[in-house]
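Hello,

Here is the structure for your files. My notes on what was found in it follow below.

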Amino acid sequence: MLVEDAANPRSRQTERRQERETMQHFTQVIDGIDGSRAELVGYVIDNSPEMDPDRRRPAILIIPGGGYAIGSDRESEPVALQFLAAGYQAFVLKYSCVPSRYPVALLEMTEAMSMIREHADEWHVDAGGGAGLRVSVVASIGFSAGGHLAANLTTVSSDAELRDAGYDPAAVRPDALLLCYPVITSGRFAHRGSFDNLLGDGKDDASLLELLSIEKHVDATMPPVFIWHTITDQAVPVENSLLMIQACRDAGVSIEAHLFPQGGHGLSLATVDTARAGSPGEGDLNNVVPAVQIWPRLAFDWLRRTFDVR
């Protein structure tokens, strides 16, 4: 029963708003091992007693790109809102970039995955287990260099760093990996700027470059993969995705791939809303590509089929 405070006529309105609260929007700070600070931004759908008060939802951790120099806003909140509308609890990791170097961002993403699973009850995330032995559905999606970071966490090449930092690699890996025009290889088709920013003085260290060339470390422990790229990407060549596809095939990892005939790099949703500042809009194939705009629906369908998400 609601009791109105006569001295405060707004009390009933406040209580009603609290009762009807259906969204959590928050920022959690993650301390980097070099003294930097990352942020985990959450967009969480609360439950309502009018519907299913115990509902748990799949979650997505979004890793924006930016060549390890910045974290792109265009690949952050607009993507989170798409997944939120599709019924996912959405989280954006604003990880440390230059002057931070490897493995700072890797460990920040690791901590973000750990936090999502640790707060599964509070954030209504289906992190698996329970009386019904639910399947965990905590996926990650990475764009460009963010794709490299997300993929790095899913390969055995990151295991030593994770264990040294006190993590169980199997406990912090995502259950599914989505890659959008990702940086994958440190070889012939590398996006050198990303590796230069990630490694700093170690950018020419052959052993580090080998360790961080994702396609060389794919094995059967990698989760299912969804990947897309444009053939005409001039910044991160499509061969990065082709190498990832072949590596998954060789390792027996399930992968769904979509290659689009046109479009520049860093398209995000490929809509006017996510076009770069100054873009003329429609007809600008570096920013707005109607054929590519279908990728979120393809991703949602893939996640539903992969995890039987309703």
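His 124 sits in the loop that joins helix 3 (104–118) to strand 5; helices (H or I, at least four residues) and strands (E, at least two) are DSSP runs, numbered from the N terminus. The model is predicted: local features need pLDDT of at least 70, side-chain atom pairs count only at pLDDT 80 or more, and totals for chains, interfaces and linings use all residues. Residues are numbered from 1 along each chain as its sequence is written, and side-chain values use heavy atoms, with hydrogens and water left out.

His 124 has a relative accessible area of 16% and is therefore buried (under 20% relative accessible area; exposed is over 50%, partly exposed in between; 1.4 Å probe, protein chains only). Beyond its neighbours within four places in sequence, His 124 is in contact with residues including Gln 24, Asp 46, Arg 56 and Gln 89 (contact means heavy atoms within 4.5 Å).

Now the sheet. Its eight strands form an open sheet in the order 1-2-4-3-5-6-7-8, with mixed pairing (two strands pair if DSSP finds at least two bridges between them). Strand 1 (23–31) and strand 8 (255–260) are at the edges with a single partner strand each, so one side of each has no neighbour in the sheet. From one strand to the next, the twist averages 15°.

Strand 3 (residues 59–63) pairs with strand 5 (residues 138–143) in the parallel sense over five bridges, and Ala 59 has Val 138 in strand 5 as its bridge partner.

Helix 4 (residues 145–154) lies across strand 3, strand 5 and strand 6 (176–180), at about 140° to strand 5 (axes are lines fitted to C-alpha atoms, for helices over the stretch in contact; angles run from 0 to 180 degrees between N-to-C directions).

Regards
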